[in-house]
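Dear colleague,

I am handing over the structure that we talked about, and below it you will find my notes on what was found. Please read them slowly with the model open beside you.

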Amino acid sequence: MATTFDYALSTEGTRLERSVLRELLHYAVDPEIISLAGGLPAGECLPLQGLRECLDTVLTRDGFRALQYSPQHPPLRARIAELMEARGVSCTPEQVFITNGNQQGLAILSRLFLDPGDPAVIEEVTFTGIQQVTVGRGAEVRTVPTDLDLGVDVDAVEAAFRREPRPRLLVLVTDFHNPLGVSIAAESRERLARLAAEHRVPLVEDDPYGSLRFTGDPLPPVKAYDDEGMVFYLGSFSKMLAPALRLGWMVAPVELMPRITTLRESLDLESTTLYQRAVAEFLGQGRVEGHLAALRTTHGARCDAMLEALGEHLSGVARWSRPEGGMFVWVELPADLDATELFQAAIAKKVAYVPGGFFSVHGGKRNTMRLNFSNVDPEAIREGVARLAGVVREALAPHPVPPHPPGGNSR
Ligand SMILES: Cc1ncc(COP(=O)(O)O)c(C=O)c1O
């Protein structure tokens, strides 16, 4: 039956845009295409056997209780508090709130603190899901730049805080930024926590990649420096265990828990009891460290393959970030190339990436691309980067000398 679109939608229902990242996911399943567009952890590292055994244990031991509605699972909150402690954050299980992943944590906190029209501070280049809960909610968005070596520009954050009216929210990605690959510099972390406290601006620390460091020394999250309950930490099992679990957590002050719980109830009531129990079991049996070690090794090797291939094929033409963890490399092409326009040529050569312009709040950075290394094997990474370089060089052919200095990695 033919229908015409004749529905009166809410402002938010109209303003929200579909995440381009999710649209690009279908390239990840076309076997002909080497997809550097994804945001998935290494498939073969997913803890299939471990989770199967933990699910079995839970169903056998807990029976029907594992399949019921239930309050947040206390042992999982306790295990998460231990994980936080290991990362330098002291919190009690009562400060841990289980979510269905960081996207839900972002949505809850944006609803808790932001009314449409309120000012919010986000990075000029940032994860599309952060744009959805700020720009998409009608916030008056103030953007701050992010340096490819040092992370977010803290002076710019302070300047945005000092402007009236005072922002209601700051959202940052701490480690191995999506899409930039950079982490917030050690010396900036304490200052950010201090600024949030001083200006009374809730700082949402979105940290789905913090445990995925494959080189360099771990840094404490911003939350580790928070004495005043102004930093809201978001952690996720999506990348550290499996995206399909749809489980994550928030660390927030106990006195806000009733508000957070009520907001969350209005969305989907609660997270799945069965998976909360299975993950608590997985953590309780001490399986996570071995799993993370394997994941880090695989991701690190793939990142190396990508950096080598970029050096081989695009040296002197492009610059790129050199991540110490996470899943993404950010590539800057010569200024007059538009990675969105090159996308179809890349698909014709059977390689996909995410045009960087989609991460730019103001639509700039069109000469950039985000490349994923975590879910592609090293051989395919080398071939994919070679194909991509072919596309870039063809586009450059009629152009004069490339503007970037030779050998030009960003760091
Ligand atoms: C920076 C960032 N925040 C949040 C999310 C959403 O994560 P989750 O699967 O935990 O909802 C992602 C997923 O890619 C991300 O990269």
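**The sheets**

One open sheet has 7 strands with mixed pairing, in the order β2-β10-β9-β8-β7-β3-β4, where strands pair if DSSP finds at least two bridges between them, and where helices (H or I, at least four residues) and strands (E, at least two) are DSSP runs numbered from the N terminus. Before going on, please keep in mind that this is a predicted model, in which local features need pLDDT of at least 70 and side-chain atom pairs count only at pLDDT 80 or more, while totals for chains, interfaces and linings use all residues. Residues are numbered from 1 along each chain as its sequence is written.

The edges of this sheet are formed by β2 (96-99) and β4 (140-144), each of which pairs on one side only. From one strand to the next, the twist averages 20 degrees; here and below, angles run from 0 to 180 degrees between N-to-C directions, and axes are lines fitted to C-alpha atoms, for helices over the stretch in contact. The edge strand β4 pairs with β3 (residues 119-123) in the parallel sense, over 5 bridges, and in that pairing Ile122 has Thr143 of β4 as its bridge partner. At the other edge, helix α4 (residues 74-86) lies across β2 and β10 (248-251), and runs at about 110 degrees to β2.

A second open sheet has 4 strands in the order β11-β12-β15-β14, with antiparallel pairing. Its edges are β11 (319-320) and β14 (354-355), which have a single partner strand each, so one side of each is left without a neighbour in the sheet. Strand β11 pairs with β12 (residues 328-332) in the antiparallel sense over 2 bridges, and Arg319 stands opposite Glu332 in β12.

**Helices that pack together**

Helix α12 (residues 288-314) packs against helix α14 (residues 378-396) at an angle of about 30 degrees, with their axes 9 Å apart. That makes α12 roughly parallel to α14 (angles under 35 degrees count as roughly parallel, over 145 as roughly antiparallel, 65 to 115 as roughly perpendicular and the rest as oblique). The crossing of α12 past α14 is right-handed, a term used if the near helix is turned clockwise from the far one by less than a right angle, with left-handed used if anticlockwise. Residues that make the contact include Ala301, Ala305 and Leu310 of α12, and Ile381, Val385 and Ala389 of α14, where two residues are in contact if their C-beta atoms, placed from the backbone, lie within 7 Å. By class, this contact of α12 with α14 has 12 nonpolar, 1 polar and 2 charged residues (Ala, Val, Leu, Ile, Met, Phe, Trp, Tyr, Cys and Pro count as nonpolar, Asp, Glu, Lys and Arg as charged, and the others, Gly among them, as polar).

Helices α5 (residues 102-113) and α10 (residues 257-268) pack at an angle of about 115 degrees, with their axes 10 Å apart, and their crossing is right-handed. Here Ile108, Arg111 and Leu112 in α5 meet Arg259, Ile260, Leu263 and Arg264 in α10, a contact with 4 nonpolar, no polar and 3 charged residues.

The axes of α7 and α8 cross at roughly 5 degrees and come within 11 Å, which makes α7 roughly parallel to α8.

**Backbone details and the ligand**

Most residues other than glycine have a negative phi, and most peptide bonds are trans. The peptide bond from Glu164 to Pro165, however, is cis, with omega near -5 degrees, and Pro165 lies in the loop between α7 (154-162) and β7 (169-173). Another cis peptide bond joins Asn178 and Pro179, with omega about 20 degrees, and Pro179 is found in the loop between β7 and α8 (186-199). Arg200 has a positive phi, near 55 degrees, and its place is in the loop between α8 and β8 (203-206).

Asn178 appears again at the ligand, since of the 14 residues around the ligand those that come nearest are Gly101, Gln103, Asn178, Ser236 and Ser238 (a residue is near a molecule or strand if its C-beta atom, placed from the backbone, lies within 6 Å of it). By class, this shell has 4 nonpolar, 9 polar and 1 charged residues.

With best wishes
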